[in-house]
Amino acid sequence: MVMTRQLVALVALVWYPVQASAGAFRGHQSSMESHRGNNLLDELERVLGGSRREAAAARAASFEDAMRPIFRSLPKSVGERLPTGGVRYLLHRMFVERHGWFVEGLMSRGEAWNVSSPAAFFAEHAGVETEGIFERRLGGEGLTLHEVAVFAATLESLVHEETLERLHAAFRVLRLDTQESSASEQDVERVVDTYMIMLLLGMNHTIVTPSLVGRTWEHIDSIYPAWPETQKWVREIRKEVVTANPESRTSFSTTTQVLEEVANRYGRWQDTECIALKQDLMKYEHGETGRVLLKDFYHAALNGSFQYTESKEYLRELGVLDESTPSQPSVIIPNYVNGPSNCLASSKFYSVCCISECEALLKPLERHIGAPDATPGQIVELVARLPSASVDAPRELPASLVQRLEEIAERHSGRVPLHGRLFAQWMHHAYPRECPFPHASGTLAISTRKDLSSGAGEHVLDEEALRAEFEVYAEAGAATATDGVEERCELPWTPEEELFVHVPVAKPREGWFRRCVGVAAMASMLVATMRAAAIGTSSVGARKSDKCMV
């Protein structure tokens with residue numbers, strides 16, 4: 001009996017910690033499931049209020065549908081969750097593709113995508129509690145597709161609120177703030193024009209004065225030469241909206257709808273200027289490299305192309321200067337077109353910049369592959385059939401380009417990651433006029449449009465400086481020709497790899513497993529001990545019987 005009690009006590013001693021650990025684990029798991037089950041929109045309602053919740057919910061569904069193909073192609077953790085860097089990367093691409101918005105806190109200035117959390121955006125614009133809601137989820141295993149869509153919808157609803165604030169400011173600076181609900185047709189048009197000027201020129205609508213707006217109007221043709229075309233386009237948007245709301249064409253709510261449509265569509269509309277800029281640069285292209293020699297760039301400026309006046313140092317800072325041939329540096333066309341110096345409208349949330357044509361090439365690959373990586377053969381087959389604005393298809397890819405792709409695959413167990421620096425560089429080689437050259441993170445510190453505007457004069461060369469720079473590189477080119485050295489048309493290739501989305505490796509829960517193994521081993525020992533004890537008891541009993549029989 002004593003032996004049995006000791007065995008029971010020993011079993012309890014070994015088993016109890018396991019039970020406690022398992023219970024703790026189940027409790028932790030239950031807590032996590034409960035946390036995940038909490039509706040994100042309900043949490044946002046608690047912090048931001050019911051109206052903002054409704055606004056985000058109304059926008060989330062369309063975001064979810066639009067994001068799905070890219071989301072499917074990105075590396076994810078267990079449970080189909082996207083880590084912090086992936087969320088930031090996806091949101092940036094989505095807002096650029098959807099509106100041409102380069103959102104502060106989402107766009108990269110040359111750093112890696114996982115350097116900062118996209119949730120930091122909300123700390124400044126919606127409070128630390130809102131930031132905390134998203135940060136807690138990002139800090140776990142990441143966000144689901146629905147949660148990323150809610151993030152995007154919440155951000156877009158904040159932009160809508162800024163639209164209302166700027167519209168109120170436009171009424172105020174025109175001294176029509178008492179007539180918001182009863183403005184005339186002419187007054188509404190003046191208000192819309194004033195709103196657009198504040199947006200396009202990046203004016204702070206919270207402090208702008210009537211006198212500043214008045215002075216701007218006096219010089220609008222020189223400050224913003226494209227204003228007549230822009231004004232005409234905005235009038236067309238307004239006509240579309242008021243046609244659907246004829247009875248309230250001058251109401252504040254209808255004017256708000258007009259300006260929301262303008263914000264949503266302006267990025268795509270103004271991108272026609274970006275395409276025209278690219279086509280103009282291609283007139284001076286060096287071979288088929290997607291590059292313009294710096295001497296030709298400055299020569300174009302001296303012959304009337306007023307926009308090509310940036311200094312070499314500034315071009316280098318923007319990441320648009322190829323100096324792989326030091327005597328003949330060149331401007332990379334897609335990097336220049338998509339650079340911050342070509343951004344136009346600006347709000348406290350975003351700038352409107354050129355939309356990379358490479359996005360329209362990458363999306364079909366993501367949609368067809370539907371995974372984070374692919375074999376070289378899959379990619380070659382798809383790209384050979386994929387045309388761009390300057391590349392015809394179908395085509396046979398050069399052997400050197402196929403070899404580069406195979407070299408990338410060798411570094412990744414036979415497959416090519418679609419969202420890495422080397423594949424982006426490969427796309428630049430396949431489409432040199434559409435896809436930017438990807439610089440390794442940390443090698444650039446790209447300024448935003450707001451940063452650049454504060455010292456814009458320092459980056460622009462006057463005619464004398466332009467001529468001096470042109471002559472330097474023209475002489476270098478002549479010397480190269482005299483020496484019989486052939487100008488290179490080969491694009492540079494650098495071997496640095498960098499995956500844009502890093503999925504953290506899940507830590508195995510070894511404690512539970514090891515305890516189970518320990519219990520099994522102890523149970524085996526206990527069974528053996530109990531059997532031995534039973535055999536010993538049986539032997540003693542037999543011997544006692546023998547003695548009685550004597």
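**Aromatic pairs, a small sheet and a buried valine**

Ring pairs link Phe121, Phe122, Phe134, Phe151 and Phe349 into a cluster. The model is a predicted one, and 20 aromatic pairs turn up in it. One of them joins Phe121 to Phe349, two members of the cluster. A pair of aromatic rings is described by the distance of the centres and the angle of the planes. For Phe121 and Phe349, the centres sit 5.6 Å apart and the planes make an angle of 40 degrees, so the pair goes down as tilted, the class for planes that are neither under 30 degrees apart nor over 60. Phe121 belongs to helix α5 (residues 120-125), while Phe349 is in the loop between α15 (333-337) and β5 (350-352), so this pair ties together parts of the chain that are 228 residues apart in sequence. Neither ring is on show: Phe121 and Phe349 are both buried.

Aromatic rings also take part in another kind of arrangement, with a charged side chain over the ring. Arg98 lies over the face of Phe63, at 4.0 Å from the ring centre. Lys76 does likewise with Phe71, at 5.0 Å from the centre of that ring.

Next comes the sheet. Three strands make up an open sheet in the order β2-β4-β3, and the pairing is antiparallel. The edges are taken by β2 (291-293) and β3 (321-322); each has a single partner strand, so one side of each is left without a neighbour in the sheet. Strand β4 (residues 330-332) is joined to β2 by 3 bridges, with the two strands running antiparallel. Within this part of the sheet, Arg291 stands opposite Ile332 in β4. Helix α13 (residues 294-302) lies across β2, β3 and β4, and runs at about 75 degrees to β2.

Finally, what about Val192? This residue is found in helix α8 (residues 185-200). Is Val192 buried or exposed? Its relative accessible area comes to just 2%, which is under the 20% cut-off, so Val192 counts as buried. Which residues is Val192 in contact with, leaving aside its neighbours within four places in sequence? The contacts are Val234, Thr255 and Leu259. Arg238 is worth a look here too: Val192 and Arg238 are 46 residues apart in sequence, yet their C-alpha atoms are 9.3 Å apart in space.

How values were computed. Residues are numbered from 1 along each chain as its sequence is written. This is a predicted model: local features need pLDDT of at least 70, side-chain atom pairs count only at pLDDT 80 or more; totals for chains, interfaces and linings use all residues. Side-chain values use heavy atoms; hydrogens and water are left out. Helices (H or I, at least four residues) and strands (E, at least two) are DSSP runs, numbered from the N terminus. Buried means under 20% relative accessible area, exposed over 50%, partly exposed in between (1.4 Å probe, protein chains only). Contact means heavy atoms within 4.5 Å. Rings of Phe, Tyr and Trp (its six-membered ring) pair if their centres lie within 6.5 Å; planes under 30 degrees apart count as stacked, over 60 as edge-to-face and the rest as tilted. A charge sits over a ring if NZ of Lys or CZ of Arg is within 6 Å of the ring centre and within 35 degrees of the ring normal. Two strands pair if DSSP finds at least two bridges between them. Axes are lines fitted to C-alpha atoms, for helices over the stretch in contact, and angles run from 0 to 180 degrees between N-to-C directions.
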